[in-house]
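Hello,

Here is the structure I promised to pass on. Please open it first, then read my notes beside it.

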Amino acid sequence: MSPGRANPDWSAHEIYMVGGRLERRTSAAPPRSAFSPRERAIIEAADTPEKVQRWLESLPYNHEEHGETLHTFRGVVRANKVHCLEGALSAATILEQHGYPPIVVDLESQDDLDHVVFLFRDGTRYGTVARSRDPGLHGRKPVFRSIRDLVYSYVDPFVDFTGRINGYGILDLRTLRADWRLSTRNVWAVEQALIRMPHRRLQTSDARYRTWQARYKRYKARYPDRRPKFYPSRHRWL
């Protein structure tokens, strides 16, 4: 079963169970010698998901002031800034060097402003590494028994003026022909692959959505320049 097909949870579980071997894999991890000295230093220092999360948080957020970008890890290191999908690609590149399969999860939103996170597993539990303008959409500790449960942990923090998660899909980046690790160009093929792949629908409570949206609106009216951190699930953030 290929990533993003009928059962996303089983796809990711299967990838881990077979040690990351996939029939459709088209790209192998580059040798450490393919990275620049600066890139290697980051890889060697960030040898766990938590350390990669801290590194991503240390970078300025890429607001794309001069036009849209989709940088690889190499591009992020050179630009010294990062946005959501760039963060997921960077985490995948770094942690692949430490034995983690390069798998990402696309959280599909009703307003088409999706969020992409790097997925990892510790024993039988799942966690994520992620970068966002909103702290509630950063990574998660590996405490979730299923990917579906993990996705639900993002539902409340995802709610803003227009955002609401309505589905999710899983993609093993090794199935892509694009050089998503070290290209110096924008890798728009990754974005297109995420858009095209099947997503599993996620049903959430309308009443809960309205409650969190009303709370978000009240918060932003009072603190327009802040990002909310008032979620009860904060103890599960990475």
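**What I found**

Strand 1 and strand 5 run antiparallel to each other and pair over seven bridges. In that pairing, Ser-109 sits opposite Ile-165 of strand 5. Keep in mind that this is a predicted model.

Strand 1 has a second partner. Strand 2 pairs with strand 1 over five bridges, again in the antiparallel sense. Look for Val-104: Phe-118 in strand 2 stands opposite. The two strands, 1 and 2, make a hairpin, with five residues between them. In the turn, Asp-112 has a positive phi of about 65°.

Now look at burial in strand 1. How many of its seven residues are buried? Seven of the seven are, so strand 1 is largely enclosed by the rest of the structure. Which way do they point? In a regular strand, side chains alternate between the two faces of the sheet. Here Ile-103, Val-105, Leu-107 and Ser-109 point one way. Val-104, Asp-106 and Glu-108 point the other way. Both sets are buried.

Next, helix 8, which covers residues 188–196. Its buried residues are Val-190, Ala-193 and Leu-194. Seen down the helix axis, they fall within an arc of 100°, so they line one face of helix 8. The face turned away from that buried side carries Ile-195 and Arg-196, which are exposed.

What covers the buried residues of helix 8? The cover includes helix 5 (84–96) and three strands you can find by number: strand 1 (103–109), strand 2 (115–122) and strand 5 (165–172).

One residue of strand 5 deserves a look: Leu-171. Is Leu-171 buried or exposed? Buried means under 20% relative accessible area. Leu-171 has 6% relative accessibility, so it counts as buried. Leu-171 and Pro-198 are 27 residues apart in sequence. In space, they are 9.6 Å apart, C-alpha to C-alpha.

Last, the whole chain. The protein chain has nine helices and six strands. It has 238 residues, and 54% of them count as buried. Take the contacts with a separation of 6 or more: 63% of them join residues 24 or more positions apart. The accessible surface comes to about 11,500 Å². Carbon and sulfur atoms account for 47% of that surface.

Start with strand 1 when you explore, then move on to helix 8.

Best wishes

Technical notes
Residues are numbered from 1 along each chain as its sequence is written. This is a predicted model: local features need pLDDT of at least 70, side-chain atom pairs count only at pLDDT 80 or more; totals for chains, interfaces and linings use all residues. Side-chain values use heavy atoms; hydrogens and water are left out. Buried means under 20% relative accessible area, exposed over 50%, partly exposed in between (1.4 Å probe, protein chains only). Helices (H or I, at least four residues) and strands (E, at least two) are DSSP runs, numbered from the N terminus. The arc is that of the directions from the helix axis to the C-beta atoms. Contact means heavy atoms within 4.5 Å. Accessible areas come from the Shrake-Rupley method with a 1.4 Å probe; for residues, only the protein chains shown count as cover. Two strands pair if DSSP finds at least two bridges between them.
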